[in-house]
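Dear colleague,

Please find below the sequence and structure that I am handing over to you. I should be grateful if you would read the notes that follow alongside it.

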Amino acid sequence: MRVNPLVLQLTLERVVLRGNESPTEPPLFSARTLVLRFNPLSITRRQLLLWRLDLNGAEVHLTTKPDGSSNFPGPQQTPNTLSGQPFENLVDLTLRSLTISHTNLYWNNSHWPLNLSARNVAVQI
């Protein structure tokens, strides 16, 4: 991990996030390098503002079982709780620059290589 406080940048290497998969299965998310450069305005808002997010050498493994469950962690949700107040503004993210390179998405038996670059991206869930 490298931190550059002058530009509010955090660099993480060999990141691994596990979901609900078994220990013998590939992790939900892994990345060779993840770079986050924060916008100082994030401190004053209830929103994550990033100048930059770079993802290199990542793998995302999503598994959906026939019963609808997945390896993605989170609270047990019923259709009634999805429309309720607790899930408002679950994600509120704004990115000035997004780069995803040498990344692979695996969903059940499907594989998609990802290489993309985007500017001014907003995600609100």
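The notes below cover the overall fold, the strand pairing and the nonpolar core.

Please bear in mind that this is a predicted model. The protein chain contains one helix and six strands, and from the N terminus on these elements follow the order β-β-β-β-α-β-β. Of the 125 residues in the protein chain, 30% are buried. The accessible surface amounts to about 9000 Å², with 57% of it belonging to carbon and sulfur atoms. Among the contacts with a separation of 6 or more, 52% are between residues 24 or more positions apart.

Turning to the pairing, strand 4 has both strand 3 and strand 5 as partners. With strand 3, the pairing is antiparallel and spans nine bridges; here S30 has E59 of strand 4 as its bridge partner. Strand 4 and strand 5, by contrast, run parallel and are joined by twelve bridges. In strand 5, L105 is the residue opposite V60.

As to the core, the largest nonpolar one comprises 15 residues, and L53, L55 and L95 have the most contacts inside it. At least two of its residues come from each of strand 2 (9-17), strand 3 (29-38), strand 4 (48-62) and strand 5 (92-107). Leaving aside residues up to four places away in sequence, L53 touches L34, V35 and L36, and also L95, S97, L98 and T99. In soluble globular proteins, nonpolar side chains tend to be buried together.

With kind regards

Key. Residues are numbered from 1 along each chain as its sequence is written. This is a predicted model: local features need pLDDT of at least 70, side-chain atom pairs count only at pLDDT 80 or more; totals for chains, interfaces and linings use all residues. Side-chain values use heavy atoms; hydrogens and water are left out. A nonpolar core is a set of buried Ala, Val, Leu, Ile, Met, Phe, Trp, Tyr and Cys residues joined through side-chain atoms within 4.5 Å. Buried means under 20% relative accessible area, exposed over 50%, partly exposed in between (1.4 Å probe, protein chains only). Helices (H or I, at least four residues) and strands (E, at least two) are DSSP runs, numbered from the N terminus. Contact means heavy atoms within 4.5 Å. Accessible areas come from the Shrake-Rupley method with a 1.4 Å probe; for residues, only the protein chains shown count as cover. Two strands pair if DSSP finds at least two bridges between them.
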